[in-house]
Amino acid sequence: MNFALKEEKGFIYIDEGEGEVLLLLHGLMGALSNWEKVIEEFKSEYRVIIPILPIYDLPLLTTGVKTLTKYVHKFVKEKNLKDITLLGNSLGGHVGLIYTLSHPEYVKTLVLTGSSGLYENAFGGSFPKRESYDFVKEKVEYTFYDPKTATKDLVDEVFITINDRSKVVRILAMAKSAIRHNMGKDLHKIKIPVGLIWGKNDKITPPEVAVEFNQLLPKSELHWIDQCGHAPMMEQPEEFNRLLRKFLENVKLKV
């Protein structure tokens, strides 16, 4: 990736462009590179910021979605951000939902793609066997509509991660925390515009999850991407960026 990582006061992040803030939150097994095409598309008009979420660095007893949300808030305050458009994929969307409920004064708009918070089918129902590269490859491919999107580099990265005992116990703890923290009863409290951009072929947070989000979030609109799995910004970046731009422009027109 061609974007410089910045490190300041315990935070590691990307900060590109100027203007209104797009704050992007990656998923449980995600990386900053997942958002590369979004940065390229929007950095000329927005300030695009992506913090690394400290999923693997938290004390095991406090590893959970609420702790990540507190971390995001510390980051937001440290960087003096306001009127944020918060965009989250998978676990990042879940953190975005909790953050929006906890600190509505900071968030102007929310965009969710393949978000957890209602239901997710992590790793296709079973955790990868750590010693089996082929099994890990199969499960990473499961994330996408087109298995070719799961490049060797991506599979290698996941394989290395889940063969680190310290990391894997935190992944499991975070996944359990996300399942426990169901957002269904609280979503009606989110009154800001919410864009749902969803892969029609998402097997981890299937289409019915997006439909339920759309029903429960009062000011949400749902956009589908065909032939697309759990990470639309990676698998169908041009269509994802088109729908994101359309949503953000519509929000501006309504203000």
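The exercises below walk through a predicted model, one element at a time, each with a worked solution.

In this predicted model, local features need pLDDT of at least 70 and side-chain atom pairs count only at pLDDT 80 or more, while totals for chains, interfaces and linings use all residues. Residues are numbered from 1 along each chain as its sequence is written, and side-chain values use heavy atoms, with hydrogens and water left out.

**Exercise 1. The sheet**

Work out in which order the eight strands form the sheet, and which strands are the edge strands.

Solution. Begin with the terms: strands (E, at least two residues) and helices (H or I, at least four residues) are DSSP runs numbered from the N terminus, and two strands pair if DSSP finds at least two bridges between them. With these in hand, the eight strands are found to make an open sheet of mixed pairing, ordered 1-2-4-3-5-6-7-8. The edges are strand 1 (6-8) and strand 8 (220-225), each of which pairs on one side only. From one strand to the next the twist averages 25°, where axes are lines fitted to C-alpha atoms (for helices over the stretch in contact) and angles run from 0 to 180 degrees between N-to-C directions.

**Exercise 2. Pairings along the sheet**

Find how strand 2 pairs with strand 1 and with strand 4, and then follow the pairings from strand 5 to strand 8.

Solution. Strand 1 and strand 2 run antiparallel and are joined by three bridges, with Glu7 standing opposite Ile12 of strand 2. Two residues lie between the strands of this hairpin, and Lys9 there takes a positive phi near 50°. Strand 2 (residues 11-16) also runs antiparallel to strand 4, to which four bridges join it, and Ile14 has Ile50 of strand 4 as its bridge partner.

Next come the parallel pairings. Strand 5 (residues 84-89) and strand 6 (residues 107-113) run parallel with six bridges between them, and Ile84 is partnered by Val107 in strand 6. Strand 6 is in turn joined to strand 7 by three bridges, again parallel, with Val111 opposite Gly195 in strand 7. Strand 7 and strand 8 pair in the parallel sense over six bridges, where Glu221 in strand 8 is the bridge partner of Gly195.

**Exercise 3. Helix 9**

Determine which strands helix 9 lies across, and why its buried residues are on the same side.

Solution. Helix 9 (residues 237-254) lies across strand 3, strand 4 (46-51), strand 5, strand 6, strand 7 (194-199) and strand 8, and runs at about 160° to strand 8. The next step is to check its length: the expected span is 1.5 Å times one less than the number of residues, so the 18 residues should span 26 Å, in agreement with end C-alpha atoms that are 26 Å apart.

Now take the covering of its residues, where buried means under 20% relative accessible area, exposed over 50%, and partly exposed in between (1.4 Å probe, protein chains only). The buried residues of helix 9 are Pro237, Phe240, Asn241, Leu243, Leu244, Phe247, Leu248 and Val251. Because they cover an arc of only 165° around the axis, they are on the same side of helix 9; the arc is that of the directions from the helix axis to the C-beta atoms. On the other side of helix 9, Glu238 and Leu253 are exposed.

**Exercise 4. Thr113**

Decide whether Thr113 is buried or exposed, and which backbone oxygen its side chain reaches.

Solution. Thr113 belongs to strand 6, and it counts as buried because its relative accessibility is 0%. Its side chain reaches the backbone oxygen of Ile197 at 2.7 Å, a polar contact being a pair of N or O atoms within 3.5 Å (within protein, one must be able to donate a hydrogen and the other to accept it, and residues adjacent in sequence count only if both atoms are side-chain atoms). Contact in general means heavy atoms within 4.5 Å; leaving aside neighbours within four places in sequence, the contacts of Thr113 include Trp35, Trp198, Met233 and Phe240.

**Exercise 5. Positive phi in two loops**

Locate Asn80 and Gln227, and state for each whether it is exposed or partly exposed.

Solution. Most residues other than glycine have a negative phi. Asn80, however, has a positive phi near 55°; it lies in the loop between helix 2 (65-78) and strand 5, and it counts as exposed at 64% relative accessibility. Gln227 also has a positive phi, of about 50°, and is placed in the loop between strand 8 and helix 8 (232-235). At 44% relative accessibility, Gln227 counts as partly exposed.
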